[in-house]
Amino acid sequence: MNVRIWGCRGSVATPGPDTMRYGGNTSCVEVRTTDGVSLVLDAGTGMRPLGAKLDAEGVREVHVLLSHLHLDHLQGLGFFRPLFDPEVHVHIWGPPSPVQTLEERIALYLSPPLFPVRLSDIPSRVTFHDAPEQPVSLGSAQVVAAAVTHQGPTVGYRITDGGGSLCYLPDHEPSLGVTLADLDTDWISGFALAHGVDVLLHDAQYGDGEYAQHVGWGHSAIEHVVEFARKAEVGRLVLFHHDPYHDDNELDALCELAMTMLGRGEDAVQLAYEGMQITFGVSEALR
Amino acid sequence: MGTAPQRALALIVARELAANLATPMFLIDAAGDLVFYNDAAEQIIGKSFAELGTISALTWGEMLKLAKANGDPLRRRDSPPGIAFAERRPAHATLQATALDGTVRLVEVTAYPLFAKTDEMHGVVAIFWETERS
């Protein structure tokens with residue numbers, strides 16, 4: 001499979017000269033399976049340019065895998081060009097809720113006064129699915145989801161295809177109220193999804209000094225991300241969901257800190273950036 | 001998912017809560033095993049969770065040594081945790097609890113099932129409120 005990042009900013013889009021290197025668009029990751037099926041992880045503002053690309057390619061079926069419905073992971077959906085093409089079948093997967101269906105919750109955004117077009121008036125064929133608790137085949141990829149620690153119903157995804165594996169945990173606070181280093185791994189949120197994957201895209205919102213003011217907000221400090229990745233024995237850690245108040249230089253410093261904590265270099269830990277393409281089968285760095 | 005074992009998120013979050021409470025709290029999983037109790041609950045049992053680890057469904061009832069408030073025997077399935085587990089509903093009672101060191105406490109016990117979905121129970125939370133010690 002091929003993976004390309006179209007947005008990796010957390011919380012709110014952050015364009016400007018200070019975020020040019022890593023980008024200001026919110027969460028959106030394109031996964032193209034080995035047999036060519038289009039998967040899209042989250043619908044942040046990075047989804048707009050991705051939609052234009054998929055439209056130009058004439059893609060007729062897309063699977064959008066939502067981690068949760070916070071606006072920074074949903075806002076791009078209304079600007080996703082394939083959604084407005086009657087020839088396209090868009091599958092939208094997302095976390096279940098005991099209160100409302102996925103369609104009902106998404107319609108809260110895709111309806112006036114927040115959006116001019118109602119979800120029911122979208123011209124493409126749209127099918128809603130609960131995020132799969134058991135592996136499902138989407139093209140050549142096996143996809144599975146699991147609930148993880150964040151604010152409100154939230155899932156992470158594990159995608160396996162062509163001998164490579166990717167785990168996507170963009171918003172995740174596995175250390176809430178506990179010390180990860182002391183926990184047995186089966187008690188760590190998201191562990192089974194991430195265990196042994198080639199590449200882990202993980203929430204890295206805060207510097208360690210910032211976390212104390214944001215406990216319970218659903219995000220991780222660098223220290224937590226590093227410990228999680230180490231315990232999960234991932235091949236490569238990609239720091240994701242950058243804080244909107246972190247400029248490029250501050251992100252570089254956080255990545256340096258992560259590398260120091262791991263005692264590893266750029267082969268083992270990297271910052272996500274817009275346009276980043278991820279290849280598989282090349283790194284065993286953290287194992 | 002990978003092949004690594006993983007607890008349900010409802011249990012993980014409940015454990016996080018328990019670990020940060022000064023009130024004795026016990027966690028029972030969907031199989032009926034006692035999979036965690038916090039530091040405050042050590043007094044009720046008499047040993048730390050680190051010492052005992054997970055306690056099977058067959059033995060945790062004996063370890064907690066629960067009795068009715070007047071000291072009469074109590075079947076485990078009639079205790080609030082037993083009701084919450086077997087009948088999948090909340091329950092509350094005033095009971096006697098005898099620790100491994102022989103200390104007898106009068107406790108209010110509240111237990112409730114953890115449902116992540118309406119038809120999928122992941123376990124039971126039991127909270128003990130000490131009212132009297134002898």
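How many of the 11 residues of α5(A) are buried? Keep that question in mind while the tour works towards this helix, and bear in mind throughout that what is on the screen is a predicted model, which scores ipTM 0.81 and pTM 0.91.

**First stop: the sheet that carries α5(A)**

Select strands β7 to β13 of chain A, and you will have an open sheet of seven strands in the order β7-β8-β9-β10-β11-β12-β13, with mixed pairing. At the edges stand β7 (136-138) and β13 (269-271) of chain A, and because each has a single partner strand, one side of each is left without a neighbour in the sheet. From one strand to the next the twist averages 25°. If you now restrict the view to β12 (residues 236-240) and β13 of chain A, you will find the two strands paired in the parallel sense over three bridges, with A:Leu237 in β12(A) having A:Val269 in β13(A) as its bridge partner.

Add helix α5 (residues 222-232) of chain A, which packs on this sheet by touching β11 (199-203) and β12 of chain A, and whose direction makes about 150° with that of β11(A). Eight of the 11 residues of α5(A) are buried, so the helix is largely enclosed by the rest of the structure. To see which they are, select A:Ile222, A:His224, A:Val225, A:Val226, A:Glu227, A:Phe228, A:Ala229 and A:Ala232. The cover over these buried residues includes α3, β11, α4 (208-211), β12 and α6 (248-262) of chain A. Just after the helix comes A:Glu233, whose phi is positive, near 55°.

**Second stop: the other sheet of chain A**

Next, select β1 to β6 together with β14 of chain A, which form an open sheet of seven strands in the order β6-β5-β4-β3-β2-β1-β14, again with mixed pairing. Here the edge strands are β6 (125-130) and β14 (277-278) of chain A, each of which pairs on one side only. Strand β1 (residues 2-7) of chain A pairs with β14(A) in the antiparallel sense over two bridges, and within this pair A:Arg4 stands opposite A:Gln277.

**Third stop: where the chains meet**

Display both chains and look at the contact between them, to which chain A gives 19 residues and chain B gives 15 residues. On the side of chain A that touches chain B, β8 (141-147) and α3 (191-194) of chain A each supply at least two residues. Coloured by class, that side of chain A has 11 nonpolar, six polar and two charged residues.

**Fourth stop: a buried strand in chain B**

Move on to chain B, whose mean pLDDT is 90, with 97% of its residues reaching 70 or more. Select strand β1 (residues 25-29) of chain B: five of its five residues are buried, so this strand is largely enclosed by the rest of the structure. Both of its faces are covered, with B:Met25, B:Leu27 and B:Asp29 buried on one side and B:Phe26 and B:Ile28 buried on the other. Three bridges join β1(B) to strand β2 (residues 34-37) of chain B, and the two run antiparallel. They form a hairpin with four residues between the strands, and B:Gly32 in the turn has a positive phi of about 95°.

Finish on B:Leu27, which stands opposite B:Phe36 in β2(B). Leaving aside residues up to four places away in sequence, the residues that B:Leu27 touches include B:Leu11, B:Ala14, B:Val35, B:Tyr37 and B:Val125. The largest nonpolar core has 118 residues, and among them A:Leu200, A:Leu239 and B:Leu27 touch the most other members.

Note on methods
Residues numbered from 1 in each chain as written. Chains lettered and ligands numbered in written order. Predicted model: local features only at pLDDT ≥ 70, side-chain atom pairs only at ≥ 80, totals over all residues. Pairing = 2+ DSSP bridges. Core = buried A, V, L, I, M, F, W, Y, C linked by C-beta atoms within 7 Å. Buried ≥ 20, exposed ≤ 12 C-beta atoms within 10 Å, placed from the backbone. Contact = placed C-beta atoms within 7 Å. pLDDT = per-residue confidence, 0-100. Axes fitted to C-alpha atoms, helices over the stretch in contact; angles between N-to-C directions. Nonpolar A, V, L, I, M, F, W, Y, C, P; charged D, E, K, R; others polar.
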